[in-house]
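Let's go through a few of the labels used for this model and ask what backs each one up. Have the structure open as you read.

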Amino acid sequence: MERTTSGWINGFIGVAIFAGSLPATRVAVADFSPVFLTGVRATIAALLGLALLLAFRQARPSGSDIPALVVTALGVVVGFPLLTALALQHVTSAHSIVFVGILPLCTAIFAVLRAGERPRPVFWLFSLAGACFVVGYAALGGIEASLLGDLLMLAAVVVCGLGYAEGARLSRTLGGWQVICWALLVSLPVMLPLMILSMPLSLSGIRGPAWAGLAYVSLFSMLIGFVFWYRGLVQGGIAAVGQLQLFQPFMGLALAALLLHEAVSWTMLVATLGAVICVAGAKRHAG
C-alpha cells in the first residue's frame, strides 16, 4: 500500500511538472525554431544527466537494454518535443493541451503491449470514453482551425505513450532517473549536431520569455519531471498511474490562461472535465 501511494504521489508531481511543458514550448518557439529547440533542450538535459550518472557512479546499461533506451529516446526525447514544437506553430498551447487527454489511453495500450500489464475490461471502456471526449472536442472545432497542428499533436501523444511505457518497463530493473539519463545520452549523438546545424545566426533578438521557456523544458520537462514520473509508474503500475495524465490538461489550461493570456473556451473545459471523469473510473478498474 505504501509503495502504491508513493507511486501516485510521484506520478502526480511528474504530471504537475509536465503541465508546464506545452505553455513553455509555446513561448520558446516564438523566438527559436522547433528543430533547434528540440536539439538544444535534449543536449542540455543530456549533459546534466551525464553529470548525475558520473556523480553517482552508475553502471552502464547492458547491451540488451540499448534497444529499449532507443525506443524511449525516440518517444520522449525526440518525438514528443519535436512534434509538439511543430504543432505549436499552428495551434495555441491551450488547444494542444487538451490532446494530452489521449495520453492515458496510449500509455495503457503500450503498457499492455510492452510491459505485460493486464487491466480489466471495464478499464478500457472508461479509457475509450475519455479519449472520445478529447477527439470529440477536436472534431467540433479544433480540426477546422488547423488540421496539420492537430495531426502533429495526435502523433506526439502516440509516440509519447510508447516512450512512457517503454521507459517505465526498463525502470523496473535500471531505475527511473537512470533510464531518462541514459535515454538522453543515447540521443546526444543526434541531438547535438541537430542543435549546432539549426542554431540561430544571432541570439541578440531572443527575448527573455523564450529563454525562460527553453530553461523550463530543458531542466524540468526533459529531466526532473521524468525522475518522478518513471518512479511513479513503476511503483503504482503503468496503466493505473498513467491515468493521472488527465489532470495535466487542467493544469496546463490554467497555466496557458494565466501566463500566456490565451482564451480557454467552455468546450475545452467540458471536454477535459469529461475525460477526467472517465479516466477516474478507469483508475478504479486498472488492476
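Q: Where is T107 found, and what kind of model is this?
A: T107 is in helix α6, which covers residues 103-115. Keep in mind that the model is a predicted one.

Q: Why is T107 called buried?
A: Its relative accessible area is 1%, and buried means under 20%. So T107 counts as buried.

Q: Which residues is T107 in contact with, leaving aside neighbours within four places in sequence?
A: They are G161, Y164, A165, I238 and Q245. What makes these contacts is the cut-off of heavy atoms within 4.5 Å.

Q: Y164 turns up in that list; where else does Y164 appear?
A: In the lining of the largest cavity: of the 17 lining residues, those closest to the centre are F18, S21, R41, F80 and Y164.

Q: How many cavities of 30 Å³ or more does the structure hold, and how much space lies in the largest cavity?
A: There is 1 of that size, and the largest cavity has about 160 Å³ of space.

Q: What makes it a cavity and not a pocket?
A: A 1.4 Å probe fits at the points of a cavity but cannot get out, whereas a pocket is an open set.

Q: Which helices supply at least two residues each to that lining, and which gives the largest share?
A: α2 (21-28), α4 (66-87), α8 (147-174) and α10 (208-236) each do. The largest share comes from α4, with 4 residues.

Q: Over to the surface: which residues make the nonpolar patch?
A: F12, F247, F250, L273 and I277 make a patch of about 440 Å². The elements giving two or more residues to the patch are α12 (247-259) and α13.

Q: How do you know that L273 is partly exposed, and does the value suit a patch residue or rule it out?
A: L273, which sits in helix α13, has a relative accessible area of 43%. Partly exposed lies between buried, under 20%, and exposed, over 50%, so the label follows. Patch residues need over 30%, so the value suits L273's place in the patch.

Q: Why does K283 count as partly exposed?
A: K283 has 38% relative accessibility. That is neither under 20% nor over 50%, so K283 is partly exposed.

Q: Where does K283 lie, and what does K283 touch?
A: K283 lies in helix α13, residues 266-284. Not counting residues up to four places away in sequence, K283 touches W8 and Q243. The C-alpha atoms of K283 and G49 are separated by 32 Å, with their positions 234 residues apart along the chain.

Definitions and conventions: Residues are numbered from 1 along each chain as its sequence is written. This is a predicted model: local features need pLDDT of at least 70, side-chain atom pairs count only at pLDDT 80 or more; totals for chains, interfaces and linings use all residues. Side-chain values use heavy atoms; hydrogens and water are left out. Buried means under 20% relative accessible area, exposed over 50%, partly exposed in between (1.4 Å probe, protein chains only). Patches are made of residues with over 30% relative accessible area and no salt bridge: like charges are joined within 9 Å, nonpolar side chains (Val, Leu, Ile, Met, Phe, Trp, Tyr) within 5 Å. Accessible areas come from the Shrake-Rupley method with a 1.4 Å probe; for residues, only the protein chains shown count as cover. A salt bridge is a side-chain nitrogen of Lys or Arg within 4 Å of a carboxyl oxygen of Asp or Glu. On a 1 Å grid over the protein atoms alone, a cavity is a set of points where a 1.4 Å probe fits but cannot get out, and a pocket is an open set with protein on both sides within 12 Å along at least five of seven lines; lining residues have an atom within 4 Å of a point. Grid points are joined across faces, edges and corners, and a volume is the space filled by probe spheres set on the points.
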